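Trainee: I am new to this structure and would love a close look at one single part of it. Could you walk me through that part and then show me how it sits in the whole?

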Amino acid sequence: MSQVHNEQTKLLATGLNNVAVAFVVIGGVTPVTALSFGVANAPKLSVGTIAFAAIWISTAAGLHWIARRILRSLLP
């Protein structure tokens, strides 16, 4: 039974971590890439843009931290 629990726990943590990676891409990579390529409708570099990126990346860090905490429930 502990093997099933461990696999389900790892699957949950992996899924949550994948959402965290998506948040980094949405909030950090996409705006920076758009700005560097000079996309016409890219957001201008401003305090609002930096706050937007910071919120998304902070949320990603929180989700990653939760995924790491979930892995602590693995059974021997």
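Mentor: Valine 25 lies in helix α1, where helices are DSSP runs of H or I with at least four residues, strands are runs of E with at least two, and both are numbered from the N terminus. This is a predicted model, in which local features need pLDDT of at least 70, side-chain atom pairs count only at pLDDT 80 or more, and totals for chains, interfaces and linings use all residues. Residues are numbered from 1 along each chain as its sequence is written, and side-chain values use heavy atoms, leaving out hydrogens and water.

With a relative accessible area of 38%, Valine 25 is partly exposed; that class falls between buried (under 20%) and exposed (over 50%), using a 1.4 Å probe and protein chains only. Val25 joins Val21, Val24, Val29 and Ile57 in a nonpolar surface patch, with about 360 Å² of accessible area together. Accessible areas come from the Shrake-Rupley method with a 1.4 Å probe, and for residues only the protein chains shown count as cover. A patch like this takes residues with over 30% relative accessible area and no salt bridge, joining nonpolar side chains (Val, Leu, Ile, Met, Phe, Trp, Tyr) within 5 Å and like charges within 9 Å. A salt bridge means a side-chain nitrogen of Lys or Arg within 4 Å of a carboxyl oxygen of Asp or Glu. Helix α1, residues 2-37, gives the most to the patch, with four residues.

Now for the whole: the protein has two helices and zero strands. Its C-alpha trace spans about 55 × 20 × 10 Å along the principal axes. Buried residues make up 20% of its 76 residues.
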